[in-house]
Amino acid sequence: MTQEQSTDGGSTDDREPGEMSLEELREEIRSIDREIVELIAQRTYVADAIAQVKADEGLPTTDEQQEQQVMERAADNAARFDVDESRVKAVFRELIELNKEYQRENR
Ligand SMILES: C=C(O[C@@H]1C=C(C(=O)O)C=C[C@H]1O)C(=O)O
């Protein structure tokens, strides 16, 4: 497996999932879930910085063209990692809405 295809969240454990116990696999999921939330928080932080720049420059917060590009990247990355494109896009739609709601509340 190449680095690009690695799906274990950077774990140093080289065993295949089939060689791990239920408890070990659940620990792996716990660690991945924490990283997902950390990445969502980072994404929100960066989107907020973008919204601040837009406000300073008198631009609207929502940029539908950028949102379209986010959705296209989500679909491309889903295909690359062989996960369902429409479900991954639904997750990204929710992430965009999360940021927009947060930004509406903080303006
Ligand atoms: C992130 C941006 O701004 C907004 C938030 C987006 C997001 O959460 O991905 C996408 C488009 C914009 O509505 C941007 O302009 O790049």
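Read along the sequence, the chain goes α-α-α. That is 3 helices and 0 strands. This is a predicted model, so please keep that in mind throughout. The protein chain has 107 residues, and buried ones make up 3% of them. Of the contacts between residues at least 6 apart in sequence, 41% join residues at least 24 apart.

I'll take the helices in order. α1 runs over 22–56. It has 35 residues, and from its first C-alpha to its last α1 reaches 51 Å, close to the 51 Å expected at 1.5 Å a residue. α1 is hardly covered: 1 of its 35 residues counts as buried. One residue to look at here is tyrosine 45, which is found in α1. Is tyrosine 45 buried or exposed? Tyrosine 45 is exposed, because the number of C-beta neighbours inside 10 Å is 10, and the cut-off for exposed is 12 or fewer. Tyrosine 45 and glutamate 72 are 27 residues apart in sequence, and their C-alpha atoms are 22 Å apart in space.

Just after α1 comes glycine 58, with a positive phi of about 70°. In the loop between α1 and α2 we also find threonine 61. Threonine 61 has 15 C-beta neighbours inside 10 Å, so it counts as partly exposed. Leaving out residues up to four places away in sequence, threonine 61 touches Ala51, Lys54 and Gln103. Threonine 61 and isoleucine 96 are 35 residues apart in sequence and 12 Å apart in space, C-alpha to C-alpha.

Next is α2, 64–80. α2 has 17 residues and reaches 24 Å from first C-alpha to last, close to the 24 Å expected at 1.5 Å a residue. α2 is hardly covered too, with a count of 1 buried residue among its 17.

Just after α2 there is aspartate 82, which takes a positive phi of about 55°. The place of aspartate 82 is in the loop between α2 and α3. Why stop at this one? Most residues other than glycine have a negative phi. Aspartate 82 is not a glycine, and its phi is positive all the same. Aspartate 82 counts as exposed, because 8 other C-beta atoms lie within 10 Å.

Now the packing of α2 with α3, which covers 85–105. At what angle do α2 and α3 pack? The angle is about 145°, and the axes are 9 Å apart. The crossing of α2 past α3 is right-handed. On the α2 side the contact is made by Glu67, Val70, Met71, Ala74, Ala75, Ala78 and Ala79, and these meet Glu85, Val88, Lys89, Phe92 and Ile96 in α3. By class, that contact has 9 nonpolar residues, no polar ones and 3 charged ones. As for the spacing along a helix, residues three or four places apart point the same way, because an α-helix has 3.6 residues a turn.

Phenylalanine 92, in helix α3, deserves a word of its own. Beyond its neighbours within four places in sequence, phenylalanine 92 is in contact with Val70, Met71 and Ala74. Phenylalanine 92 counts as partly exposed, because it has 19 C-beta neighbours inside 10 Å, and buried takes 20 or more. Phenylalanine 92 and arginine 26 are 66 residues apart in sequence and 25 Å apart in space, C-alpha to C-alpha.

Further along, tyrosine 102 is also found in α3. Tyrosine 102 is partly exposed, with 14 other C-beta atoms within 10 Å. Tyrosine 102 and threonine 44 are 58 residues apart in sequence, but 8.5 Å apart in space, C-alpha to C-alpha.

Last, the ligand. Which residues are around the ligand? They are Ala47, Ile50, Thr62, Asp63, Gln66, Glu67, Val70, Ile96 and Asn99. α1, α2 and α3 are the elements that give two or more residues to this shell. The largest share comes from α2, with 3 residues. By class, the shell has 4 nonpolar, 3 polar and 2 charged residues. Glu67, Val70 and Ile96 are among the residues around the ligand, and these three also take part in the contact of α2 with α3.

How values were computed. Residues numbered from 1 in each chain as written. Predicted model: local features only at pLDDT ≥ 70, side-chain atom pairs only at ≥ 80, totals over all residues. Near = placed C-beta within 6 Å. Helix = DSSP H or I, 4+ residues; strand = E, 2+ residues; numbered from the N terminus. Nonpolar A, V, L, I, M, F, W, Y, C, P; charged D, E, K, R; others polar. Expected span 1.5 Å × (residues − 1). Axes fitted to C-alpha atoms, helices over the stretch in contact; angles between N-to-C directions. Left-handed = near helix turned anticlockwise from the far one by under 90°. Contact = placed C-beta atoms within 7 Å.
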